[in-house]
Amino acid sequence: MMKGQDLQYVLDWIAVQELVAEYGQAIDFGKDTGDWSRWVNVFTPQVTADYTRLFGGEPITIAREEMGKLGSDALAPYSRVQHATANTVRTHFKSATEAQVMAYADVGHFFSLNGVPQEWTLVIRYTHDLEKTAEGWRIRKVMLDPIHHRGNLLGAEFVKGKRLV
């Protein structure tokens, strides 16, 4: 078990903070550029994605390369997104190679309605199960828990599959 005073603990803690921030920033980059490789890179080769509290259904376990399409499809109705990820609120190192992290994010989803800019913001608590791999710390499982939302509720309808014609 890691101790708070040792150098490896500090290095791992910093790497975990960076990974959690990169998760949200890489989604924004993927939406802006169409290049989802940064987001794909935050995951282990097999990842469990539990977005059921927002989308319904069941958690899925897929190859990380498939996560780019998942993100792209989910965000297709929005012109842009912005993940304002807070510092992690809890990091629990279970061992030298496993950790669980909880972090909050305000995620703005932007779209246009009859030429008028709109916003739907979702306040989220993420729980990430992490694994330290040869590539560094990576997300093995992500669980998204929506806490609150505000703004144009049409944005929430997009999550349910509705589209503007």
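Let's start with the nonpolar surface patch, which covers about 460 Å² and is made by Leu7, Val10, Leu11, Trp13 and Ile14. Keep in mind as we go that this is a predicted model. Take Leu11 from that patch: leucine 11 sits in helix H1, which runs over residues 7-33. How exposed is leucine 11? Its relative accessibility is 44%, so leucine 11 counts as partly exposed.

Now, please turn the model to the largest pocket. Rolling a probe the size of a water molecule over the atoms shows where empty space is left. Here the largest pocket holds about 440 Å³ of space. It is lined by 27 residues, and those closest to its centre are Tyr51, Leu54, Phe55, Leu70 and Ala74.

Where does that lining come from? At least two residues each are supplied by H1, by helix H3 (52-55), by helix H4 (67-75), by strand E4 (98-113) and by strand E5 (116-133). Which of these gives the largest share? That is H4, with five residues of the lining. And if you sort the lining of the largest pocket by class, you get 20 nonpolar residues, five polar ones and two charged ones.

Let me stay for a moment with one of the residues closest to the pocket centre, Leu54. Leucine 54 belongs to helix H3. With a relative accessibility of 22%, leucine 54 counts as partly exposed. For a sense of scale, pick leucine 54 and tryptophan 137 on your screens: they are 83 residues apart in sequence, and their C-alpha atoms are 26 Å apart in space.

On to the charges. Side chains of opposite charge can pair when their charged atoms come close. How many salt bridges does a search of the whole structure find? The answer is eleven. I'd like to walk you through three of them.

The pair to begin with is arginine 53 and aspartate 145, whose side chains meet in a salt bridge at 3.1 Å, N to O. Arginine 53 is in helix H3 while aspartate 145 is in strand E6 (residues 136-151), so this pair ties together parts that lie 92 residues apart in sequence. Are these two partners buried or exposed? Arginine 53 is exposed, at a relative accessible area of 51%, whereas aspartate 145 is buried, at 10%. The cut-offs help here: over 50% means exposed and under 20% means buried, so arginine 53 at 51% falls on the exposed side.

Aspartate 145 has another partner to show you. Arginine 125 also forms a salt bridge with aspartate 145, and here the closest N and O atoms are 2.7 Å apart. Arginine 125 lies in strand E5 and aspartate 145 in strand E6, so the pair ties together parts that are 20 residues apart in sequence. Put the two bridges side by side and you have Arg53, Arg125 and Asp145 joined into one network through shared partners. As for arginine 125, its relative accessible area is 22%, which makes it partly exposed.

The last bridge on my list is between lysine 69 and aspartate 73, with the closest N and O atoms 2.6 Å apart. How are these two residues placed along the chain? They are four residues apart in helix H4, so about one helical turn separates lysine 69 from aspartate 73. Lysine 69 counts as exposed at 57% relative accessibility, and aspartate 73 is partly exposed at 42%. While you have aspartate 73 selected, look across to lysine 31: the two are 42 residues apart in sequence, and 9.9 Å apart in space, C-alpha to C-alpha.

Two loop residues before I hand over. One is asparagine 114, in the loop between E4 and E5. Most residues other than glycine have a negative phi, and most peptide bonds are trans. Asparagine 114, although not a glycine, has a positive phi of about 55 degrees. Asparagine 114 is also exposed, with a relative accessible area of 77%.

The other is tryptophan 36, which you'll find in the loop between H1 and helix H2 (37-40). Is tryptophan 36 buried or exposed? Tryptophan 36 is buried, with a relative accessible area of 10%. If you'd like a distance to try on your own screen, tryptophan 36 and alanine 15 are 21 residues apart along the chain, and their C-alpha atoms are separated by 21 Å.

Methods:
Residues are numbered from 1 along each chain as its sequence is written. This is a predicted model: local features need pLDDT of at least 70, side-chain atom pairs count only at pLDDT 80 or more; totals for chains, interfaces and linings use all residues. Side-chain values use heavy atoms; hydrogens and water are left out. Patches are made of residues with over 30% relative accessible area and no salt bridge: like charges are joined within 9 Å, nonpolar side chains (Val, Leu, Ile, Met, Phe, Trp, Tyr) within 5 Å. Accessible areas come from the Shrake-Rupley method with a 1.4 Å probe; for residues, only the protein chains shown count as cover. A salt bridge is a side-chain nitrogen of Lys or Arg within 4 Å of a carboxyl oxygen of Asp or Glu. Buried means under 20% relative accessible area, exposed over 50%, partly exposed in between (1.4 Å probe, protein chains only). On a 1 Å grid over the protein atoms alone, a cavity is a set of points where a 1.4 Å probe fits but cannot get out, and a pocket is an open set with protein on both sides within 12 Å along at least five of seven lines; lining residues have an atom within 4 Å of a point. Grid points are joined across faces, edges and corners, and a volume is the space filled by probe spheres set on the points. Ala, Val, Leu, Ile, Met, Phe, Trp, Tyr, Cys and Pro count as nonpolar, Asp, Glu, Lys and Arg as charged, and the others, Gly among them, as polar.
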